[in-house]
Amino acid sequence: MKTESVLTRVPVSEISRRIQALKTRMENTGTGAVFLTHKPDIYYFSGTAQDAYLYVPLDQDPLLFVKRYLPRALAETGIDSVIPVESITRIPGLIHSCQGRVPRSIGLAFDVVPVRDFQFFNTLFNPAVLTDAASVIMDCRMIKSGWEIEQMQAVADLSRQTFSFVCENMRPEESEIAFCGRVEAFARAHGHSGKLLVRHYRAEGFAHHLMSGVSGGQGGALDSPVCGTGTCSAYPYGAGHKLIQRNEPILLDLGTMVNGYHMDETRMLVIGTLPSQAEQAGQAAIDILHHVLEMMQPGILAGEVFTAAVDRAEKLGLAEAFLGLPDLKSRFIGHGVGLELVEAPILSKGNPQELMPGMVFAVEPKFIFQDRFAAGIESVIQVTETRARFLSVTENRMFIL
């Protein structure tokens, strides 16, 4: 069944709630206004990802400045004041005309604004002081509403469908990258947007990350427990040219995006029979996933979740292979997921962030056995008012084909 993703509009009530949450955090941090330039942030607070800029003052209504395409922005946004603008240089004057003044401080998302753009904005809004509003923005986005959870449930269903396609169509002697092409074609035909959004400029987001046999046992540049070989030196991540074989462990990491929201899931597969050590590691990963699920309650610290996962791997006798090669171990067991593939907060070593209802995490206990294979699982978990639950609907098991 095709997942419909066209013309899904963010409810006006949802936009209003998000703007109010942003203003509350602005007031707590002494931020006079926020100027949003990063498209996922603009979409989150306005409902449109057209070529636009969103200005949110603390004590007045937000203004959406649209360069292109105005008719679609008007149809999509929940912001009342939409102003067409040919040049960004006109924005300070328009703010002054509409609201009488430009505040003394304006927040930007320093984590995503390039230096050259920052220098331009610094001149453009002079004498206002530019401050870092990244945490103010992400503190809002890391708590998912009921409407957002519904969007993520739709993505989870498509991810499940895609894994079913994988199980029905994977064959030996096909290259990793060729098979991933077929998987992506299926996912896109059923609603997957194709591109995955990542926030950090050095990060990579790709939808179908397949590592078969020795491909999973290679160290790599990807900030993840497993990397894969990629197809070339210029893009050394994910699926490569290796042919899929029988009786070898296969790790498939699927990223899916529908209506702007992401799902990030990994499952272990084999055509034939798994080697005993791979089966042991796969079962250990599932054990750790459920152990983490049980402790992910409101009030638990993100760093405590990481420590619990590492301790569990040690008790299972697999600490050496857990979260990467000995000298390349990841310092996180999971990450927030939503409008971007990786969001705050991160379930990382020592992170003091308390888990709160509405947070959604991709939890990924994985093992790598050098030059041999990778094993593991990744599922998406929602923190509720009292506990945690799986948003993923793909079965948490290894798939024997």
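Axes here are lines fitted to C-alpha atoms, for helices over the stretch in contact, with angles running from 0 to 180 degrees between N-to-C directions. The structure described in these terms is a predicted model.

A convenient place to begin is helix H6, which packs against two other helices, starting with H2. Helix H2 covers residues 39-46 and helix H6 residues 134-141; the two pack at about 55°, and 11 Å separates their axes. Angles of 35 to 65 degrees fall outside the parallel and perpendicular classes, and H2 and H6 are therefore oblique to each other. Their crossing is left-handed. On the H2 side the contact is made by Pro-40, Asp-41, Tyr-44 and Phe-45, which meet Ile-137, Met-138, Cys-140 and Arg-141 of H6. In this contact between H2 and H6, 6 residues are nonpolar and 2 are charged, with no polar residue taking part.

The second partner is helix H1, residues 12-29, which packs with H6 at an angle of about 140°, the axes being 9 Å apart. Here the crossing of H1 and H6 is right-handed. From H1, the residues Ala-21, Leu-22, Arg-25, Met-26 and Thr-29 meet Val-136, Asp-139 and Cys-140 in H6. The contact of H1 with H6 comprises 5 nonpolar residues, 1 polar residue and 2 charged ones. Readers following Cys-140 of H6 will find this residue in the contact with H2 and again in the contact with H1.

Attention now turns to a sheet later in the chain. An open sheet is built from 5 strands, ordered S11-S10-S12-S15-S16, with antiparallel pairing. Strand S11 (343-348) and strand S16 (388-390) are the edge strands; each has a single partner strand, so one side of each is left without a neighbour in the sheet. From one strand to the next, the twist averages 30°. At the S16 edge, strand S15 (residues 379-383) runs antiparallel to S16 and is joined to S16 by 3 bridges. Val-383 has Ala-388, in S16, as its bridge partner. The sheet also has a helix for company: helix H9, residues 276-295, lies across strand S12 (360-363), S15 and S16, and runs at about 140° to S16.

The edge strand S11 offers a further detail, as Pro-345 lies within S11. The peptide bond leading from Ala-344 to Pro-345 is cis, with omega near -5°. Another cis peptide bond runs from Arg-68 to Tyr-69, where omega is near 15°. Tyr-69 is placed in the loop between strand S3 (63-68) and helix H3 (70-76). Backbone geometry is also worth a look at Leu-323, a residue other than glycine whose phi is positive, near 65°. Leu-323 belongs to the loop between helix H10 (302-315) and strand S10 (332-336).

Finally, the aromatic side chains deserve a mention. Across the whole structure, a search finds 13 aromatic pairs. One of them is formed by Phe-35 and Phe-125, an edge-to-face pair with ring centres 5.1 Å from each other and 70° between the planes. This pair links distant parts of the chain, its members being 90 residues apart: Phe-35 is in strand S1 (residues 33-36), while Phe-125 is in the loop between helix H5 (115-124) and strand S6 (129-132).

Methods: Residues are numbered from 1 along each chain as its sequence is written. This is a predicted model: local features need pLDDT of at least 70, side-chain atom pairs count only at pLDDT 80 or more; totals for chains, interfaces and linings use all residues. Side-chain values use heavy atoms; hydrogens and water are left out. Helices (H or I, at least four residues) and strands (E, at least two) are DSSP runs, numbered from the N terminus. Angles under 35 degrees count as roughly parallel, over 145 as roughly antiparallel, 65 to 115 as roughly perpendicular and the rest as oblique. A crossing is left-handed if the near helix is turned anticlockwise from the far one by less than a right angle, and right-handed if clockwise. Contact means heavy atoms within 4.5 Å. Ala, Val, Leu, Ile, Met, Phe, Trp, Tyr, Cys and Pro count as nonpolar, Asp, Glu, Lys and Arg as charged, and the others, Gly among them, as polar. Two strands pair if DSSP finds at least two bridges between them. Rings of Phe, Tyr and Trp (its six-membered ring) pair if their centres lie within 6.5 Å; planes under 30 degrees apart count as stacked, over 60 as edge-to-face and the rest as tilted.
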